[in-house]
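Work through the exercises below with the model open. Try each task before reading its solution.

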Amino acid sequence: MIKRKISHQIESHLFKGKAILIYGARQTGKTTLVEELLKSGQEKLIRLNGDDPGDRSLLENFSSSRLRSLTAGYGILFIDEAQKFNDIGNIIKIFTDQIKNVQVIATGSSSFDLLGRTSESLTGRKYEFNLYPLMFSELIDHHGFINEKKSMEDRLIFGSYPEVVTNQEERKVLITSLAGSHLYKDVLMVDRIRNSVLIDDLLRALALQTGSEVSSTELSRLTGADRGTIDKYLRILEEAFIIFRLRGFSRNVRTELRKAKKYYFWDNGIRNALIGNFNPLSARTDTGALWENYIISERMKLLRTNRDDVFTWFWRTTQQQEIDLLEERQGRFSPIEIKYNPKQKGLISKTFTENYDVSQTFVVNSGNYEAFLYPELFSDNKIPGK
């Protein structure tokens with residue numbers, strides 16, 4: 001069991017009168033996290049799984065008296081794959097309003113369906129948490145810094161899904177399977193989407209443009225789908241925790257690109273599986289893109305897990321001046337350049353530093369990245385936000 005960073009956050013919010021909702025892609029370890037969190041508790045637990053038709057039927061035609069009877073004698077109701085239960089939002093609402101002695105914990109493999117069914121009915125009645133593939137800091141805590149540092153190339157190529165990390169011999173088969181039908185299983189449930197071929201084409205296009213600006217028009221040309229469909233699918237893929245977006249930052253400089261955007265994958269292994277390339281770094285031409293995706297996704301996992309109050313962007317001008325990652329805290333900026341080779345200089349644009357309030361700059365490379373991704377442990381280095 002690799003201990004997850006959000007465990008203590010969830011534990012501190014138990015039995016405070018609100019439901020706990022945990023979102024995340026399939027196979028990120030949501031069920032394992034909850035089971036580990038609750039196994040040493042004193043409260044009796046009842047568990048329902050949305051993949052089980054019998055469990056789903058237990059919550060059909062519900063009423064407060066039926067729900068009270070169902071959970072009599074139990075202190076915790078754990079609803080796994082909660083988005084598959086009809087009217088799950090109102091079911092949880094009854095518990096938070098009327099059956100307050102029962103702590104509800106619900107997990108969902110994607111945010112779109114569960115959020116859509118609970119956001120209005122559970123306003124002010126829920127704590128929300130996101131679980132991502134394993135974080136760099138979690139892997140260091142489990143394996144030790146030296147061992148994890150040696151595994152850097154593995155993370156760049158095969159990613160950090162729990163089963164991929166713990167089952168080295170089957171990692172290629174596991175990540176390939178995960179990037180196939182498992183990846184799309186929830187996406188295909190949304191808005192009657194049935195075009196898995198288009199989803200696959202769209203994700204491949206994004207994978208091949210990692211670190212580059214993308215537009216709906218260009219993606220439409222590459223996939224043959226109209227822009228409206230592309231924008232809809234991109235939104236759903238984000239809400240399914242497969243990809244995330246960085247917007248271009250623009251405020252003062254006239255030449256800044258205002259509508260630019262980039263997409264990254266939450267896991268390098270998924271990205272590589274989509275393009276069918278598990279070659280070692282020595283045999284690749286996309287090491288820079290792999291490194292950028294890894295560093296930015298790991299940093300985003302860190303910031304979101306820590307609930308850091310920060311805005312994230314990238315920055316580029318029409319003169320091709322660019323900053324890979326830009327963090328803004330209370331109006332002050334931390335420009336960050338990402339270079340794989342420690343010998344390669346990363347220069348922060350003077351156009352940016354002369355026009356904005358910059359607190360500090362940081363160049364992340366394969367020789368110092370641990371300070372950027374685990375600042376609590378490597379606090380001697382100057383890290384944005386510290």
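**Exercise 1. A polar contact of Arg-171**

Task: Find which side chain makes a polar contact with the side chain of Arg-171, then place Arg-171 in its surroundings.

Solution.
- Step 1. The side chain of Arg-171 makes a polar contact with the side chain of Gln-168, at 2.9 Å. A polar contact is a pair of N or O atoms within 3.5 Å; within protein, one must be able to donate a hydrogen and the other to accept it, and residues adjacent in sequence count only if both atoms are side-chain atoms.
- Step 2. Arg-171 belongs to helix 11, residues 171-184. Helices (H or I, at least four residues) and strands (E, at least two) are DSSP runs, numbered from the N terminus.
- Step 3. Not counting residues up to four places away in sequence, Arg-171 touches Asp-154, Phe-158 and Val-164. Contact here means heavy atoms within 4.5 Å.

Ground rules for every exercise: this is a predicted model, where local features need pLDDT of at least 70, side-chain atom pairs count only at pLDDT 80 or more, and totals for chains, interfaces and linings use all residues. Residues are numbered from 1 along each chain as its sequence is written, and side-chain values use heavy atoms, with hydrogens and water left out.

**Exercise 2. The whole chain**

Task: Describe the fold of the protein chain in overall numbers.

Solution.
- Step 1. Count the elements: the protein chain has 18 helices and eleven strands.
- Step 2. Check the dimensions. The C-alpha trace spans about 65 × 50 × 45 Å along its principal axes. The radius of gyration is 22 Å, which agrees with the value near 21 Å for a compact globule of 386 residues. That radius is taken over C-alpha atoms, and the globule rule is 2.2 Å times the number of residues to the power 0.38.
- Step 3. Look at burial: 54% of the 386 residues count as buried. Buried means under 20% relative accessible area, exposed over 50%, partly exposed in between (1.4 Å probe, protein chains only).
- Step 4. Look at contact range. Among contacts between residues at least 6 apart in sequence, 72% join residues at least 24 apart.

**Exercise 3. Helix 7 and its partners**

Task: List the buried residues of helix 7 and the elements that they pack against.

Solution.
- Step 1. Helix 7 covers residues 136-143, and Phe-136, Ser-137, Glu-138, Leu-139 and Ile-140 are buried there.
- Step 2. These buried residues pack against helix 8 (145-150), helix 9 (152-158), helix 10 (162-166), helix 16 (287-305) and helix 18 (369-373).
- Step 3. Gly-144 follows helix 7, with a positive phi near 90°.
- Step 4. Move to helix 16, where Tyr-294 sits. Tyr-294 is buried, because its relative accessible area is 4%. Leaving aside neighbours within four places in sequence, Tyr-294 contacts Phe-136, Arg-155, Leu-156, Asn-268, Tyr-369 and Leu-373.

**Exercise 4. A glycine in a loop**

Task: Is Gly-159 buried or exposed, and what is it in contact with?

Solution.
- Step 1. Gly-159 lies in the loop between helix 9 and helix 10.
- Step 2. Its relative accessibility is 2%, so Gly-159 counts as buried.
- Step 3. Beyond neighbours within four places in sequence, Gly-159 is in contact with Asp-154, Val-164, Val-165, Asp-267, Asn-268 and Gly-269.

**Exercise 5. Positive phi outside glycine**

Task: Give the phi values of Arg-307 and Gln-330, and locate both residues.

Solution.
- Step 1. Recall the background: most residues other than glycine have a negative phi.
- Step 2. Arg-307 has a positive phi near 55°. Arg-307 lies in the loop between helix 16 and strand 8 (311-316).
- Step 3. Gln-330 has a positive phi of about 50°. Gln-330 is in the loop between strand 9 (322-329) and strand 10 (332-338). At 81% relative accessibility, Gln-330 counts as exposed.

**Exercise 6. Two strand isoleucines**

Task: Place Ile-79 and Ile-46, then list what each touches.

Solution.
- Step 1. Ile-79 is in strand 3, residues 76-80. Ile-79 is buried, because its relative accessible area is 0%.
- Step 2. Not counting residues up to four places away in sequence, Ile-79 touches Leu-48, Phe-85, Ile-88, Val-104, Ile-105, Ala-106 and Thr-107. The C-alpha atoms of Ile-79 and Thr-107 are 6.4 Å apart, with their positions 28 residues apart in sequence.
- Step 3. Ile-46 is in strand 2, residues 45-49, and is buried at 12% relative accessible area.
- Step 4. With the same sequence exclusion, Ile-46 touches Leu-70, Thr-71, Tyr-74, Ile-76, Leu-77 and Phe-78.
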